[in-house]
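This briefing covers a ligand site and the nonpolar packing of a protein. The structure comes first, then the points by topic.

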Amino acid sequence: MTNQLQSFLQKIAESFNQKELIKITLGNKRSKSADLKNVFIKPVLIKNAPKLSFTYRNPTQDIFKNYDLKESLILIEKMLQTDFFNADLFTAANDLHLSADNSETIKIITRPATLAVKADTLQHDKTKNRVINSGTANYLKELGITTAEGLVKKDMQDKFKQINRYVEIIEGIIKDIQFDKSITVADMGSGKGYLTFALYDYLTSNLKKDAAVVGIELRDDLVDKCNQIAANAGYSKLKFEKGTIQDASLPSVDMLIALHACDTATDDAIYKGIKANAKVIICAPCCHKQIRKQMAPENELKNITKHGILLERQAEIVTDTIRALILEAHGYKTKVFEFIATEHTPKNVLIVGTKSVKTETEKQASLDKVKGLKVLFNIKDHYLETLF
Ligand SMILES: C[S@@+](CC[C@H](N)C(=O)[O-])C[C@H]1O[C@@H](n2cnc3c(N)ncnc32)[C@H](O)[C@@H]1O
């Protein structure tokens, strides 16, 4: 490690320890083809321990990770050696700009501070501003997330974070979609209704939409409980219906959601969304069993699928790729990304389809890709395909 880089890391450590660190940005990637564009780093308090929160900016997703100082310094050093030429360190005392070049000459320029430490720079994760207001949302009490005083229960912190993250993601997805003042939403396999309530709250309270949301759920007890909570909250257009996703009657819907609907229930949900002409379809699939049983490639891929765990992961990837392609073949633009840190839930891949304009040739090209994947993996049928 050069002296310059060492002294830069030393400055990070000093400013962090003196609570003067405001933020660090890493940029100017070394390889033009690398996906990782930037990394933003800021101090945070996690369960009262000071940490550094890293935001890894990729073209289709941001990944968030928290590290302690020691781990952070190792990561920053490594990224400056392999991923980025530049780093900017903003502290209350001054700003430091580090630039490296291919010959590993490192220059550091120090300038007067341009940013001030805000009172909330070390924002506690519990007090962070969230889209869903834990203090005023009464349904959160009845769902067992908050106490009578409106504070998030200790063992529900992760759930509350997850709900907010879902809503933030949906906020990002729908901001560019034209909806009327009224909006209809179906949540397929709504379960305990955590997200269904939060989404209704967000659409009606934050966006001031005339929202009608229906949760479709197999289990009677959950449907009854959720309908009771919705009635108590005065949510007149939030309803839960007992039934299967397969049999749900959705004449038309603006947004269709299916989070963790098991195995082919996700396919049933996507099918219903496409048939109901949904402007946006959002699914977080789980337990991908259907094509796993069929996958028996007769090519080099068999080196992967002969291992149970790798077959399982490969089946997940192929299943979701085909789902995305089928959405594309029906005129949707798709994005597939991780939406929540794996420590919160391992089922963290989101498939998002937004209605778009596609030519018949483009649609056919997507179907041809499905065909190609099926041949490659020796798959007879993908359940979603069979529904059409
Ligand atoms: C893992 S939970 C997820 C609940 C909720 N979407 C969430 O993410 O918090 C899956 C729910 O879907 C329901 N479910 C599974 N298959 C279904 C089907 N075919 N039709 C309706 N509901 C279904 C289950 O009863 C369960 O409540």
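In this predicted model, the ligand is surrounded by G189, S190, G191, E217, L218, L222, G243, T244, I245, Q246, L259 and H260, each with a heavy atom within 4 Å of the ligand. Local features need pLDDT of at least 70, side-chain atom pairs count only at pLDDT 80 or more, and totals for chains, interfaces and linings use all residues. Residues are numbered from 1 along each chain as its sequence is written, and side-chain values use heavy atoms, with hydrogens and water left out.

Ligand contacts
- A backbone N or O atom of L259 lies 2.8 Å from a ligand nitrogen, and one of I245 lies 2.9 Å from a ligand nitrogen.
- Q246 places a side-chain N or O atom 3.1 Å from a nitrogen atom of the ligand.
- The protein buries 79% of the 600 Å² that the ligand exposes when taken alone (Shrake-Rupley method, 1.4 Å probe).

Nonpolar cores
- The largest nonpolar core (buried Ala, Val, Leu, Ile, Met, Phe, Trp, Tyr and Cys residues joined through side-chain atoms within 4.5 Å; buried means under 20% relative accessible area, 1.4 Å probe, protein chains only) has 48 residues, of which Y139, F197 and M255 touch the most other members.
- Not counting residues up to four places away in sequence, F197 touches Y139, L143, C226, I229, A230, Y235, L238 and F240 (heavy atoms within 4.5 Å).
- Another core, of 36 residues, lies apart from the largest one and includes M188, V214, M295 and L325.

How values were computed:
Buried < 20%, exposed > 50% of the residue type's maximum accessible area, 1.4 Å probe, protein only. Polar contact = N/O pair within 3.5 Å; in protein donor to acceptor, adjacent residues only side chain to side chain.
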